[in-house]
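Colleague: I'm new to this one, so could you walk me through it? Let me bring it up so that we can both look.

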Amino acid sequence: CTPPARKRCLYSSSSFSSGSSSSSSSSSSSFTSACSHAVPSPAPVPRSSVPLPVVAACQGPKLAFCSSCGGAVETRVPPGDNRPRAVCGSCGTIHYRNPKVVTGAVVVTPDLKRVLLCRRGIEPRKGFWGLPQGFMELGESHIGGTLREVLEEANAQITVGPLLGLFSIPAAGQVTIVHRAVLHNEAQLKAGSDISEVKLVPWAEVLAMTDEELSFPTVRAALHHCHATLHSAAVTPLVLSKNARGELISETSS
């Protein structure tokens with residue numbers, strides 16, 4: 001399969017410039033005070049009693065040359081390892097390929113009544129609605145990455161709240177981290193280069209959106225979990241994996 005381009009293989013959402021790290025104390029206060037009443041837990045998701053089988057991840061094109069010495073690379077199992085790796089035949093450098101981390105947020109208005117949605121302007125799922133999210137950069141925390149991605153894609157300044165979900169997508173070689181966040185600059189929202197449109201949507205409309213409107217299953221899961229725990233300060237995050245059939249399954253024991 002072809003390798004995903006940066007910010008293009010997203011399944012879901014510091015070292016960051018001044019705009020997004022500042023937040024309104026009054027907005028933060030209203031967000032905190034609104035999170036004082038518990039609501040019923042969301043409906044349970046299917047669970048797996050045993051670890052899910054490893055799904056062959058998209059590795060991209062085969063590595064031909066070593067980035068350390070330029071020598072030819074071969075695929076073999078290094079001593080002490082248990083799976084094939086790209087190993088340089090000249091200098092012995094092992095080139096590991098590990099999952100990418102995607103970070104994003106379900107961004108709500110301070111009154112908790114509307115949600116920020118972004119219409120994707122690039123493939124995959126171009127034209128479908130999703131969350132502001134993207135790949136983490138080296139040197140930033142996942143919170144910093146969330147702040148940066150939300151600013152880049154929607155020009156939104158936010159305060160990051162509780163963790164909503166941790167989604168593993170082995171077939172894409174990705175892990176997506178999604179937080180709840182509160183918006184501080186509604187009047188300045190605008191679409192970034194990878195987004196064709198941004199809008200604030202009432203919860204009733206969000207919950208009624210179908211798979212023909214939303215970009216990925218993880219987006220739906222994060223939105224519905226956010227709504228179910230909207231007034232709770234303590235949130236138990238979803239921990240889900242996407243299996244070979246495209247189903248989101250819980251691998252946790254409780």
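Modeller: First, a bit of vocabulary: helices (H or I, at least four residues) and strands (E, at least two) are DSSP runs, numbered from the N terminus. Two strands pair if DSSP finds at least two bridges between them. This is a predicted model, where local features need pLDDT of at least 70, side-chain atom pairs count only at pLDDT 80 or more, and totals for chains, interfaces and linings use all residues. Residues are numbered from 1 along each chain as its sequence is written, and side-chain values use heavy atoms, with hydrogens and water left out.

Colleague: Which residue takes a positive phi in the hairpin of S8 and S9?

Modeller: S8 covers residues 158–169 and S9 covers 174–183, and 9 bridges hold this antiparallel pair together. Their hairpin has 4 residues between the strands. The one with a positive phi, near 65°, is Gly 173.

Colleague: Which residue of S11 does Leu 166 stand opposite?

Modeller: Leu 166 faces Ile 177 in S9. S8 also joins S11 (residues 238–242) through 4 bridges, and those two run parallel. Over in S11, the residue opposite Leu 166 is Val 239.

Colleague: Which are the edge strands of the open sheet of 3 strands?

Modeller: That sheet has the order S1-S2-S3, with antiparallel pairing. Its edge strands pair on one side only, and they are S1 (73–76) and S3 (94–95).

Colleague: And what is the bridge partner of Val 87 in S3?

Modeller: S2, residues 85–88, runs antiparallel to S3, and 2 bridges join them. In S3, the partner of Val 87 is Ile 94.

Colleague: How many helices and strands are there in the protein, and how much of it counts as buried?

Modeller: The protein has 5 helices and 12 strands. Buried means under 20% relative accessible area, exposed over 50%, partly exposed in between (1.4 Å probe, protein chains only). Of the 254 residues, the share that counts as buried is 44%.

Colleague: What share of the exposed area do carbon and sulfur atoms supply?

Modeller: The protein exposes about 12,700 Å² (by the Shrake-Rupley method with a 1.4 Å probe; for residues, only the protein chains shown count as cover). Of that area, carbon and sulfur atoms supply 55%.

Colleague: How far apart are the end C-alpha atoms of H3?

Modeller: H3 runs over residues 142–154, which makes 13 residues. The expected span is 1.5 Å times one less than the number of residues, so H3 should span 18 Å. The model agrees, as the end C-alpha atoms are apart by 18 Å.

Colleague: Is H3 mostly covered or uncovered, and how many of its residues are buried?

Modeller: H3 is mostly covered. Among its buried residues are Leu 147, Val 150 and Leu 151, and also Arg 148 and Glu 149. The buried count is 10 of 13.

Colleague: Which residue follows H3?

Modeller: It sits in the loop between H3 and S8 and has a positive phi of about 55° although it is not a glycine. With a relative accessible area of 24%, this residue is partly exposed. Its name is Asn 155.

Colleague: What does H5 reach from its first C-alpha to its last?

Modeller: H5 has 12 residues, 217–228. Its buried residues include Val 219, Leu 223, His 225 and Cys 226. The expected span is 16 Å, and close to that, H5 reaches 17 Å.

Colleague: Which ring does the charged end of Arg 125 sit over?

Modeller: Arg 125 lies in the loop between S5 and S6, with a positive phi near 65°, and it counts as partly exposed at 27% relative accessibility. A charge sits over a ring if NZ of Lys or CZ of Arg is within 6 Å of the ring centre and within 35 degrees of the ring normal. Here the charged end is 3.7 Å from the centre of the ring of Phe 128.

Colleague: Which residue does a cis peptide bond join to Glu 123?

Modeller: The bond has an omega of about 0°. The partner is found in the loop between S5 (114–120) and S6 (129–130). It is Pro 124.

Colleague: How many disulfides does a search find, and how far from Cys 69 is the nearest cysteine sulfur?

Modeller: With a disulfide taken as a pair of cysteine sulfur atoms within 2.5 Å, the search of the whole structure finds 0. Cys 69 is in none, and the nearest cysteine sulfur, that of Cys 88, is away by 3.5 Å.

Colleague: Is Cys 118 buried or exposed?

Modeller: Cys 69 is partly exposed, with a relative accessible area of 43%. Cys 118 has a relative accessible area of 1%, so it is buried.
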